Amino acid sequence: MTFYKLQMAKEFAIGIYLFCFKVIFSIFKLFPLTDKTTFVTSFGDNCQYIADEMDKQNLAVQKVFLMKSSSHIQVKDDGKTIVLPFETKNIIAMIRSIYHLATSKVIIIDNYFGFLSTTTFKKTVTCVQVWHAAGAIKQFGSKDPSIKSRSAGARKRFLEVYQKFDYVTIGSEKMAEIFQESFQLPKSHILRTGIPRTDFFFNDESKKTSRRALLAMFPELEHKKIMLYAPTFRNDGLNTGEIALDLELLYKELQSENYALLLKLHPAVKAEHDLQHKFPGFVYPVHSDFHVNQLLISTDLLITDYSSIPFEFSYLEKPMIFFAYDLEKYEKERGFWEDYSSSMPGPVVSTNEELIKKIRNADYSIEKIEPFKQKWNQYSTGNSSEKLVDFLFHNSK
């Protein structure tokens, strides 16, 4: 089947799904709104911090969580709080989910969700996008280069989704500019509360707890120099499980120098399961065991590429190296907001040999980290969750 036919088949399936969603939503929209907040989440961390702040303030608001399988929110379905899988294969849960979306006063989402293109909330409903990244390296939304290959109907649908965001939370003026371009939003839709999950970096007890949890699982790491490799997600690496790092070379060169390497790969990547045994005392896969922010606390050196992790790691003012082995290809396919090599707060390398050399020489361009932190975390100052909850539930918007 040709690419065009595949696209047509995909668009047809999406059209059927959205039509059914619209019909059911329209029926439930006849019901009155209730004092209820519904979270639609595929990541979870920002929503987790908002929900915890709501509990802290003891708000008399029912919480509903519509969760994709990738979401890692820690909540219990106890009657007062409702938790539902947000998957099309679960028909009953999907119908219940649509009911809550149609009858909630506040909707909080943390990603792009196509169903928004076909829903029209009542005028008194507030829909907030708490985007899953604190900053942006690669382009997304209407600026994503891959949009050009999509059908006119798909491009129209994307814009209809963006138009449903009453507010988008941001951590900096730079991110405000990016959201206005990516989602084609007016300035009035930008909410300068900061990024909820960054509150973690201002909570000493949470940081200590995270450190203890890692050492409880891997006690031998206490006196090692910990490197974290956390690359961005790539579709073409799903099934091959290939890791761009030459683990054998790194093991040979660095293991005797008291280094350890944490591997934080995307959950969908099917990498080898015996890496910890293959490279004993050096490689430690940490897939879903820890949220990445928890790992950052114990990390001495971050190795990444086009991920959004550096925006939060910059709080710790520790060194980073950017292993951009496919820079030209990635830039052509995804596009960057700024010149990649000059804007990253650390050296950019393309080979494993360069990487090892930078590690050994401690050549980290530390002086770039502070301005990078200030640029992207302007409004994320430790009380972002509180500011957002106050805005949504205590102010007249």
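The paragraphs below lead through two helix pairings and several single residues of this predicted model. Residues are numbered from 1 along each chain as its sequence is written. Because the model is predicted, local features need pLDDT of at least 70 and side-chain atom pairs count only at pLDDT 80 or more, while totals for chains, interfaces and linings use all residues, and side-chain values use heavy atoms, with hydrogens and water left out.

A good place to begin is helix H2, which covers residues 45-56; helices (H or I, at least four residues) and strands (E, at least two) are DSSP runs, numbered from the N terminus. The axis of H2 and the axis of helix H15 (residues 384-394) come within 9 Å and cross at roughly 65 degrees, where axes are lines fitted to C-alpha atoms, for helices over the stretch in contact, and angles run from 0 to 180 degrees between N-to-C directions. That angle makes H2 roughly perpendicular to H15, since angles under 35 degrees count as roughly parallel, over 145 as roughly antiparallel, 65 to 115 as roughly perpendicular and the rest as oblique. The crossing of H2 with H15 is right-handed; a crossing is given this name if the near helix is turned clockwise from the far one by less than a right angle, and is left-handed if the turn is anticlockwise. On the H2 side the contact (heavy atoms within 4.5 Å) is made by Tyr49, Ile50, Glu53 and Met54, and on the H15 side by Ser385, Glu386, Leu388, Val389 and Phe393. Sorted by class, this contact holds six nonpolar, one polar and two charged residues, where Ala, Val, Leu, Ile, Met, Phe, Trp, Tyr, Cys and Pro count as nonpolar, Asp, Glu, Lys and Arg as charged, and the others, Gly among them, as polar.

From H2 the chain can be followed into the loop between H2 and S2, where Asn58 is placed. Asn58 has a positive phi of about 55 degrees although it is not a glycine, and at 67% relative accessibility Asn58 counts as exposed; buried means under 20% relative accessible area, exposed over 50%, and partly exposed in between (1.4 Å probe, protein chains only). Strand S2 itself spans residues 62-67 and includes Lys63, which is buried, with a relative accessible area of 9%. The side chain of Lys63 makes a polar contact with the side chain of Asp55 at 2.7 Å, a polar contact being a pair of N or O atoms within 3.5 Å, of which, within protein, one must be able to donate a hydrogen and the other to accept it, and for which residues adjacent in sequence count only if both atoms are side-chain atoms. Leaving aside neighbours within four places in sequence, Lys63 is in contact with Thr37, Phe39, Ala51, Met54, Asp55, Lys80, Thr81 and Ile82.

Further along, Lys225 belongs to strand S8, residues 225-229, and with 37% relative accessibility Lys225 is partly exposed. A polar atom of the Lys225 side chain lies 3.1 Å from the backbone oxygen of Glu257. Not counting residues up to four places away in sequence, Lys225 touches Glu257, Asn258, Tyr259, Ala260 and Asp300. Lys225 and Leu261 are 36 residues apart in sequence, and their C-alpha atoms are 8.6 Å apart in space.

Ser307 is found in the loop between strand S11 (301-304) and helix H10 (309-313), and Ser307 is buried, with a relative accessible area of 9%. The side chain of Ser307 has a polar atom 3.1 Å from the backbone nitrogen of Ile309, and, residues up to four places away in sequence not counted, Ser307 touches Ile137, Lys138, Ala230 and Thr232.

The second helix pairing joins H7 (residues 247-254) and H13 (residues 352-361), whose axes come within 10 Å and cross at roughly 30 degrees. That makes H7 roughly parallel to H13, and the crossing of these two helices is right-handed. Leu249, Leu250, Glu253 and Leu254 in H7 meet Asn352, Glu353, Leu355, Ile356, Ile359 and Arg360 in H13, so that by class the contact of H7 with H13 has six nonpolar, one polar and three charged residues.

In the loop between H13 and helix H14 (369-376) sits Ala362, a residue other than glycine whose phi is positive, near 50 degrees, and which is partly exposed, with a relative accessible area of 49%. Asp339, in the loop between helix H11 (327-334) and helix H12 (340-343), is likewise partly exposed, at 49% relative accessibility, and its side chain makes a polar contact with the side chain of Ser342 (2.7 Å).
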